[in-house]
Amino acid sequence: MSGVKRKRNALNVKQKLEILQKLDNGESASSDAEDVLNEGNTISHSAALQSVEILLEYMRQRGFDYGDITAVHKIYVDIRQEMNKQQKQGRILDFLKQ
C-alpha cells in the first residue's frame, strides 16, 4: 500500500475544541464528531484509536466524570473491535486468494 495516498477527514482544532467544550458542559458531542468524520472518506482505525486515547487522557487529567470517561472508553473498544474484525476479514480473504 505504500505510495497510495488516502484522503481522510479529521477534526480540525476548532472542531475538537467545540466538542471538548460540549463535553465540559455535560452535552453529548459524538454525533458532531461522526458528522465531520463521515463527510467523504473516513479516518483510519488506528488514527481514530489514537485520537480517542488522547481524549481519554485529557478527560482523566481534567477530572471528567467517570460516566463520561466510560462512554468514551466504550467508543475506543468499539473502534478496536471493528478494526480487529476488518483485519480478520482481510486475513481470511488473503488465505482464500492463496
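Which pattern does the chain follow, read along the sequence? The pattern is α-α-α-α, and the count agrees with it, for the chain has four helices and zero strands. Please keep in mind as we go that this is a predicted model.

Let us take the overall picture before any single residue. The chain has 98 residues, and 21% of them count as buried. Contacts between residues at least 6 apart in sequence can be sorted by how far along the chain they reach, and 60% of them join residues at least 24 apart.

Now to the packing of helices. Two packed helices are described by the angle between their axes and by the distance between those axes. Helix 3 covers residues 45-61 and helix 4 covers residues 66-97; their axes come within 10 Å and cross at roughly 165°. An angle over 145 degrees counts as roughly antiparallel, and therefore helix 3 and helix 4 are roughly antiparallel to each other. As for handedness, the crossing in which helix 3 passes helix 4 is left-handed.

Which residues in helix 3 and helix 4 meet? From helix 3 come His45, Ser46, Ala48, Leu49, Val52, Glu53, Leu55, Leu56, Met59 and Arg60. On the side of helix 4 they meet Asp68, Ile69, Val72, His73, Ile75, Tyr76, Ile79, Arg80, Glu82, Met83 and Gln86. Sorted by character, the residues of this contact are twelve nonpolar, four polar and five charged.

One of these residues makes a good place to zoom in. Val72 is found in helix 4. Is Val72 buried or exposed? Its relative accessible area is 8%, so Val72 is buried, the cut-off for that label being under 20%. Leaving aside residues up to four places away in sequence, Val72 touches Val52, Leu55, Leu56 and Met59. For one of these, Leu55, a C-alpha to C-alpha distance is at hand: Val72 and Leu55 are 8.1 Å apart in space and 17 residues apart in sequence.

Leu55 also leads us to another helix. Lys16 is found in helix 1, which spans residues 13-24, and the C-alpha atoms of Lys16 and Leu55 are separated by 9.6 Å, with their positions 39 residues apart along the chain. Lys16 has a relative accessibility of 43%, so Lys16 counts as partly exposed.

Further along, Gly26 lies in the loop between helix 1 and helix 2, the latter being residues 30-37. With a relative accessible area of 64%, Gly26 is exposed. The C-alpha atom of Gly26 is separated by 9.3 Å from that of Asp65, a residue 39 places away along the chain.

Finally, how many aromatic pairs does a search of the whole structure find? The search finds one. The partners are Tyr58 and Phe64, with ring centres 6.0 Å apart and planes at 55°, so the pair is tilted. Planes would have to be over 60 degrees apart to count as edge-to-face. The two partners fall into separate accessibility classes: Tyr58 counts as partly exposed at 25% relative accessibility, whereas Phe64 is buried, with a relative accessible area of 12%.

Terms used. Residues numbered from 1 in each chain as written. Predicted model: local features only at pLDDT ≥ 70, side-chain atom pairs only at ≥ 80, totals over all residues. Heavy atoms only, no water. Axes fitted to C-alpha atoms, helices over the stretch in contact; angles between N-to-C directions. Helix = DSSP H or I, 4+ residues; strand = E, 2+ residues; numbered from the N terminus. Parallel < 35°, antiparallel > 145°, perpendicular 65-115°, else oblique. Left-handed = near helix turned anticlockwise from the far one by under 90°. Contact = heavy atoms within 4.5 Å. Nonpolar A, V, L, I, M, F, W, Y, C, P; charged D, E, K, R; others polar. Buried < 20%, exposed > 50% of the residue type's maximum accessible area, 1.4 Å probe, protein only. Phe/Tyr/Trp six-rings, centres within 6.5 Å; stacked < 30°, edge-to-face > 60°.
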